[in-house]
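Reader: I have a model on screen and a few bench questions. Can we go through it piece by piece?

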Amino acid sequence: MSTIIADTKTKIMTENGLFPSSEVMLDLKKLKKVYPTPKGDYVVLEDLNLQIKKEEFVTIIGHSGCGKTTMLSMIAGLNPISGGNISVLGKHIKGPGPDRGVIFQSPSLMPWMTSLQNVMLGVNKVFPHATRAQRNDIAKYYLQKVGLEDAFNKKASELSQGMQQRVGIARAFAIKPKVLLLDEPFGMLDSLTRGELQDILIEIWNKEKITAVMITHDVDEAIFLADRVVMMTSGPKAKIGDILKIDFERPRTRKSVLEHEDYYKYRKHLIDFLEH
């Protein structure tokens with residue numbers, strides 16, 4: 001009898017966009033963000049609820065100013081929560097932590113340090129009990145994964161913007177986070193480099209299967225990368241407006257996505273939402 005009740009409860013929860021707690025990696029409940037101004041409180045986010053499953057890749061789109069980056073920085077623990085809560089595996093976050101890796105639009109590297117040293121900064125913190133050789137191996141492994149095996153000892157200041165972002169991707173994966181947060185990581189790159197880095201990101205993600213949350217303005221990028229695309233309403237008082245499930249098999253290729261019969265249906269759905 002208890003099994004039947006549990007199964008029914010799971011079904012109802014899933015139909016309502018909720019998942020059983022054992023499947024949830026990241027849980028945002030009644031999230032609120034308020035900035036005080038001389039004219040009174042400005043409410044950026046209000047009553048925002050979102051659950052992201054283990055090993056899921058979610059992209060978030062919405063108009064500029066809808067609070068996407070604010071929400072991501074709150075998940076990262078870099079921006080205080082005004083109301084509600086955020087939990088990772090059921091534990092409320094209380095600030096930044098190694099369980100959440102962040103890739104920003106600008107890589108934010110130490111320009112005087114080499115690629116390897118920049119990645120080692122995080123690795124040394126997260127794996128203090130590993131030997132120096134082991135930590136070195138971790139950093140080198142991820143730099144190789146992003147195609148920088150020939151640039152271990154190049155200073156960040158000597159690298160192109162695309163190469164710097166590769167270091168940023170390697171650095172985020174190398175600390176083995178439970179959740180990977182990406183704030184338009186390819187937004188400042190030309191379309192060719194952007195495509196290359198999307199492929200690198202998804203190739204590493206397919207292997208590591210880290211829960212990922214990515215902000216993007218690009219509808220095609222949102223569809224290509226995601227299991228679900230989350231659409232946010234325009235601010236102030238932004239919340240989740242709609243969620244689109246992307247039913248493409250993984251691993252995906254750009255060609256197979258573009259040729260899929262549902263691709264333009266998904267694209268139209270997202271553009272219609274953004275235009276209203």
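What follows is a short exchange on two helices, one enclosed helix and two single residues.

Author: This is a predicted model, in which local features need pLDDT of at least 70 and side-chain atom pairs count only at pLDDT 80 or more, while totals for chains, interfaces and linings use all residues. Residues are numbered from 1 along each chain as its sequence is written, and side-chain values use heavy atoms, with hydrogens and water left out.

Reader: How are helix 3 and helix 4 oriented to each other?

Author: Helix 3 covers residues 115-126 and helix 4 residues 132-145. Helices here are DSSP runs (H or I, at least four residues; strands are E, at least two), numbered from the N terminus. The axes, lines fitted to C-alpha atoms over the stretch in contact, lie 9 Å apart at about 120°. Angles under 35 degrees count as roughly parallel, over 145 as roughly antiparallel, 65 to 115 as roughly perpendicular and the rest as oblique, so helix 3 and helix 4 are oblique.

Reader: Which class has 7 residues in the contact of helix 3 with helix 4?

Author: Contact means heavy atoms within 4.5 Å. Helix 3 brings S115, L116, V119, M120, V123 and N124, and helix 4 brings R132, R135, N136, I138, A139, K140 and L143. Ala, Val, Leu, Ile, Met, Phe, Trp, Tyr, Cys and Pro count as nonpolar, Asp, Glu, Lys and Arg as charged, and the others, Gly among them, as polar. The contact has 3 charged residues, 3 polar and 7 nonpolar.

Reader: Is helix 2 largely enclosed or open?

Author: Buried means under 20% relative accessible area, exposed over 50%, partly exposed in between (1.4 Å probe, protein chains only). The buried residues of helix 2 are K68, T70, M71, L72, S73, M74 and I75. That is 7 of the 8 residues in 68-75, so helix 2 is largely enclosed.

Reader: Is G62 buried or exposed?

Author: G62 sits in the loop between strand 3 (57-61) and helix 2. Leaving aside neighbours within four places in sequence, G62 is in contact with K68, H217, M232 and L274. Its relative accessibility is 4%, so G62 counts as buried.

Reader: Which residue's backbone nitrogen does the side chain of N49 reach?

Author: N49 lies in strand 2 (residues 40-53). At 38% relative accessibility, N49 counts as partly exposed. Leaving aside neighbours within four places in sequence, N49 is in contact with L28, K29, K30 and I240. At 2.7 Å, the backbone nitrogen reached by the N49 side chain is that of K30.

Note on methods: Axes fitted to C-alpha atoms, helices over the stretch in contact; angles between N-to-C directions. Polar contact = N/O pair within 3.5 Å; in protein donor to acceptor, adjacent residues only side chain to side chain.
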